[in-house]
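The following report concerns a predicted model. Its topics are strand pairing, the nonpolar cores, enclosed and open spaces, and backbone geometry.

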Amino acid sequence: MGDSLEIHLERAEDALSRNDGEVALGHLVEAWKECRAEPLIALIQRLSDHLVADLTPLDESMTLYWHAQGRHVMDLPRVLKDLLSAVARHRAPLPAGTLDWLRRLFPADPRMAPVVVASARYLKGEQEEALRMHNAVLIYVEPPYDVEPLRELRARLPRNLGKEAERLDTVIRRGAGWEPPVLSAGAQERCEVLAAAVEARISGKARASVTRDALFARIYESPEDDEARNVLADVLLEEGDSLGEFISLQFASEPDTARMEHLLKMNRARWVVPLGRYIDPKGTRFERGFPVSVLMKTPDIAEPPVAWGTVEEVRWPHGGVRPRGQMLNSPALRHVKSLRGVSGTSVCDLKAPEASALQRLSLRTTEGKGLLEALVALPRLRWLEVDPGEPDFVSRCLESSLASRLECFAVRGGAMHVQPLVLGPSHSKWGLELKRDAEVPVTLVLEDVRDVEALVPVLRAARRFSSQALRVRLCFDWGLGQTRDSGAEVSALFARGRAMLEAAASAYSRVIWEGS
C-alpha cells in the first residue's frame, strides 16, 4: 500500500464522477494489485457486474482478434460471463484448455476466482488434467477465494489421486490462511465513497432504463427516426454515457472529427456488442450514432439480434464462405440495403424478395437456380456488381427488366479460352461497366483478343441499358496479328475479332476507342 493505491482510488472516484465506469474499473483493478483488501475486491466485482450486465459474452473465438488489436477493459468480464454461463448450463467443469487459455491471455484478476471455484464444484476424480488447471488458475490468482467448495471437492476425490490432490490441499491452505490486509483510514473512506457512487450509478441506470430501452427499441424498429436518436443522445449525456456525445457529434453540422475518432477508438468494441460476436469491430462504420455497415467474421448468424435494425450494409470478406438464407431472411435485417460478397445461392434463398429493401448487391458467384429471376424480383435493386461473371449470365441480365432499372452494373470476368495454343495460356480479365448517368454509359475492357467472340453478345445486349456512347478499352495490340511471324491462324483470329467488335460497336451513337 502507499501513494499508488491512493492515486488509483482518487482516479477511480474522478472517473465515476464523470460516469466513466470503465475507466473507474481499470483504476480499481490497478488498486487491487497494490492491496488485495476485501473492500476493493467487492467494489471491482460490483462495478464489473453492473457494466457487463448489458453486454454479450465473449469466448475463445476472439483470441486472434485480441492478439491483433489488443484487449478492452470489458473483455475479461465478458469472457467470465461466458464461462460462468457455460458451467451453469452444462453443470460441468470448464475444460483444462479453456482455463489454460484464460490464464495465458489475461493478467491475474480477483474476478477469476469465483468462476473457477464454481467450475470446481463439478469436478470428478478422473478429471485429473482439469483439476490441475483449476489448481493452477487459483494459484495464479492467489487468495482470497471461497475454500468451502474446494474442501467439498477434496473430500470426494479418490485417496490415490496423488500430486494434484496435494496441490489442491495447498490451494485450500492458502485460501483458509489468507489474512486480508487492512486499508488505511483514508483508503477506507475513499472505498466507501466509491461504493456509494457505484450504487448511485446502478440506481440511476435502473430508473432511466425504461426510457432508454424504449428509445433503443424505437430506433431499431424505425432507424430513420432521427428524433428518437437525438432524445436518446440527451438521455445518455445525462447519464455520462459517451455514446450520447458520439450521437450528438454525428448529427452536428460541423462535427469534431478528431473527437469522434477518439470516442470510436475507446468505445467501438463496446458499441458493437449489441450486434453479437460475429462481426469485426474494426470493420464497422457508424452513422448518426449507430452501426450502419458491418464486416462479418462468420458466414451466418442463426438469429441476428434486434440491434441489427440500424444496419444498412453487410459485407463478407473476399474469398470467404457466403451467408445462408436463414440470416438474410431475419426480420432484424429488413432495413439492409446493401449486401457485398454474397453468393447467388444466398439471393435465391430470399423468401420474400418483393418486400426486400436491397438496393445494392455485390455477387461473388452466379450459382443458384433461378438467380436472374430472384434479382428481377428485387424491386429496389439499382446497383449490381458481379465478380467473377460469365458472359451468358451478363447477357441474360441485360435482356431482362434489369436493363431499364439498374443505375450501375459492373462485371469482372476471367479468361474464357485455352485456344489458340500459339498465343499461349492466358490469365486475362475482361470488364464491363454500365453507369446510367455517366458521360459514356458503357465501358468494355478487353485484355485478350480471344475474349471478343464471347463478349460481342454482351456488347449487343448492353444497348438495352444505353446506346448513347461506348468506350472500348483495349489492353492488347491489334498489330500483333499482322507481324511477320504471327502465322495465318493468329492473323485470322485478330482480323475476325476486330471485324466482330467493330460491327457490334457500330450500333452505338458514339464510340471511343482506347489503347492499341
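## Strand pairing around β7

L384 has F409, in strand β7, as its bridge partner. This contact belongs to the pairing of strand β6 (residues 383–386) with β7, which is parallel and comprises four bridges. With strand β8 (residues 429–435), β7 forms seven bridges, and these two strands run antiparallel. Within that second pairing, R412 is matched by G431 in β8.

Strand β7 covers residues 408–414, and five of its seven residues are buried, so the strand is largely enclosed by the rest of the structure. The cut-off applied here is a relative accessible area under 20% for a buried residue.

## Nonpolar cores

In soluble globular proteins, nonpolar side chains tend to be buried together. The largest nonpolar core of this model contains 85 residues, and the members that touch the most others are W308, V314, V347, L361, L375 and F409. F409 thus appears both in this group and as the bridge partner of L384.

What does V347 contact, once its neighbours within four places in sequence are left aside? The residues in question are V342, L361, L363, L371, A374, L375 and L378. A second core, separate from the one just described, has 37 residues, including L83, V87, L105 and Y145.

## Cavity and pocket

The count of cavities of 30 Å³ or more comes to one. The largest cavity holds about 30 Å³ of space, and its lining consists of R229, E287, R288, F290, P291, V292, T310 and E312. Strand β2 (residues 290–295) gives the most to this lining, with three residues. By class, the lining residues of the largest cavity are four charged, three nonpolar and one polar.

The second largest pocket has a volume of about 280 Å³. Sixteen residues line this pocket, and those that lie nearest its centre are L328, N329, L333, R334 and S356. The lining of the second largest pocket is made up of eleven nonpolar, three polar and two charged residues.

## Backbone geometry

Two cis peptide bonds can be described together with their surroundings. The bond from P143 to P144 is cis, with omega near 10 degrees, and P144 lies in the loop between α8 (128–141) and α9 (148–156). The bond from D387 to P388 is also cis, with omega near 5 degrees. P388 belongs to the loop between β6 and α18 (391–398); β6 is the strand that pairs in the parallel sense with β7.

Positive phi values at residues other than glycine form a further topic. R91 has a phi of about 50 degrees and is placed in the loop between α5 (75–90) and α6 (96–105). Is R91 buried or exposed? Its relative accessibility is 60%, so R91 counts as exposed.

R288 likewise has a positive phi, near 50 degrees. The loop between β1 (285–287) and β2 contains R288. With a relative accessible area of 23%, R288 is partly exposed. R288 is also one of the residues that line the largest cavity.

Technical notes: Residues numbered from 1 in each chain as written. Predicted model: local features only at pLDDT ≥ 70, side-chain atom pairs only at ≥ 80, totals over all residues. Heavy atoms only, no water. 1 Å grid on protein atoms, 1.4 Å probe; cavity = no way out; pocket = protein on both sides within 12 Å on 5 of 7 lines; lining within 4 Å. Points joined across faces, edges and corners; volume = space filled by probe spheres on them. Nonpolar A, V, L, I, M, F, W, Y, C, P; charged D, E, K, R; others polar. Buried < 20%, exposed > 50% of the residue type's maximum accessible area, 1.4 Å probe, protein only. Pairing = 2+ DSSP bridges. Core = buried A, V, L, I, M, F, W, Y, C linked by side-chain atoms within 4.5 Å. Contact = heavy atoms within 4.5 Å.
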